[in-house]
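The exercises below are meant to be worked with the sequence and the model side by side. Please try each task before reading its solution.

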Amino acid sequence: MRENNSLNIRKIAILSMFVTISLTIFVLESLMPPVVNIPGIKPGFANIVTLFLLVNTNKRSAFTVLIVRIILASIFAGQIMSLFYSLSGGILSLLAMSIVLYITKKKTVWFASVVGAIFHNIGQILAAVVVLGSWTVICYLPVLLISGCITGLITGLITEFLDRSLAKGAFLDRLNKILCVKKVS
């Protein structure tokens, strides 16, 4: 019983660390000047943490960190209305990336990231349709899809680099042991 409690505490601590890392990335990204002057287009570097967890641990850990980060980021940014858009995009993105990683046996992280970015934008546009009660916002989708492909590729390549760098150490083995992830060959 005591060992189980200790494991749960360590699991919460590890997931909290990943939430903190992704929130820090989100805050730093929000301080950057926009690359292009089109609203809604940003790199999405906080997704590196979600994608890293999806590749190296399990969907539950990635989902937990994603949801907590989105809620806290909306509160910190003082934009509660963005919560609906972010949740719509984030959940759809996570689902799409999970499917791609399952189909490709986690071999094309960069491609999963691009697909995730595309579905994130689709989720946000669908949320805008619901909020605004108008389909006219779909006109904005091609611009978002192009930017999503570019930013998704960059995020995916960074995640692949990070994954390869950390695979050389014992970090991932310890992480999976704490998060109770079974190794799949």
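The protein chain has seven helices and zero strands (helices are DSSP runs of H or I with at least four residues, strands are runs of E with at least two, and both are numbered from the N terminus). The model is predicted, and local features need pLDDT of at least 70, side-chain atom pairs count only at pLDDT 80 or more, while totals for chains, interfaces and linings use all residues. Residues are numbered from 1 along each chain as its sequence is written, and side-chain values use heavy atoms, with hydrogens and water left out.

**Exercise 1. The chain as a whole**

Describe the order of the elements, the buried share of the protein chain and the reach of its contacts.

Solution. Begin at the N terminus, from which the elements run α-α-α-α-α-α-α. Next, take burial: of the 185 residues in the protein chain, 38% are buried (under 20% relative accessible area, with exposed meaning over 50% and partly exposed in between, for a 1.4 Å probe and protein chains only). Finally, consider contacts, meaning heavy atoms within 4.5 Å: among those between residues at least 6 apart in sequence, 71% join residues at least 24 apart.

**Exercise 2. An aromatic pair**

Classify the pair formed by Phe18 and Phe52, and state which helices the two residues belong to.

Solution. A pair of aromatic rings is described by the distance of the centres and the angle of the planes. Rings of Phe, Tyr and Trp (its six-membered ring) pair if their centres lie within 6.5 Å, and planes under 30 degrees apart count as stacked, over 60 as edge-to-face and the rest as tilted. The structure holds three aromatic pairs. In the one made by Phe18 and Phe52, the centres are 6.2 Å apart and the planes make an angle of 35°, and the pair is tilted. Distant parts of the chain are linked in this way, since Phe18 is in helix α1 (residues 2–31) and Phe52 in helix α2 (residues 47–56), 34 residues apart. For the surroundings, Phe18 counts as buried because its relative accessibility is 5%, and Phe52 counts as buried because its value is 3%.

**Exercise 3. Helices α3 and α4**

Compare the span of each helix with its expected value, and then list the buried residues.

Solution. The expected span is 1.5 Å times one less than the number of residues. For α3, which has 19 residues, 27 Å is expected, and the reach from the first C-alpha to the last is 26 Å, close to that value. For α4 (residues 81–103), 23 residues should span 33 Å, and the end C-alpha atoms are 34 Å apart, which agrees.

The buried residues of α3 are Ser61, Ala62, Val65, Leu66, Ile67, Arg69, Ile70, Ala73 and Ser74. Of these, Ser61 is buried because its relative accessible area is 5%, and, not counting residues up to four places away in sequence, Ser61 touches Leu15, Leu53 and Leu179. In α4, burial takes in Gly89, Gly90, Ser93, Leu94, Ala96, Met97, Ser98, Val100 and Leu101, and the buried residues of α4 pack against α2, α3 (59–77) and α5 (109–132).

**Exercise 4. Two residues after α4**

Find the residues other than glycine with a positive phi in the loop between α4 and α5, and decide whether each is buried or exposed.

Solution. Lys105 has a positive phi of about 55° although it is not a glycine, and its place is in the loop between α4 and α5. Because its relative accessible area is 64%, Lys105 is exposed. Lys106, in the loop between α4 and α5, has a positive phi near 60°. Lys106 is partly exposed, because its relative accessible area is 38%.

**Exercise 5. Packing of α2 on α4**

Give the geometry of the packing between α2 and α4, and the make-up of their contact.

Solution. Axes are lines fitted to C-alpha atoms, for helices over the stretch in contact, and angles run from 0 to 180 degrees between N-to-C directions. On this basis, α2 and α4 pack at about 40° with their axes 11 Å apart. The crossing is right-handed (the near helix is turned clockwise from the far one by less than a right angle; anticlockwise would be left-handed). Asn47, Thr50, Leu51, Leu54 and Val55 in α2 meet Leu94, Met97, Ser98 and Leu101 in α4. By class, the contact has six nonpolar, three polar and no charged residues, where Ala, Val, Leu, Ile, Met, Phe, Trp, Tyr, Cys and Pro count as nonpolar, Asp, Glu, Lys and Arg as charged, and the others, Gly among them, as polar.
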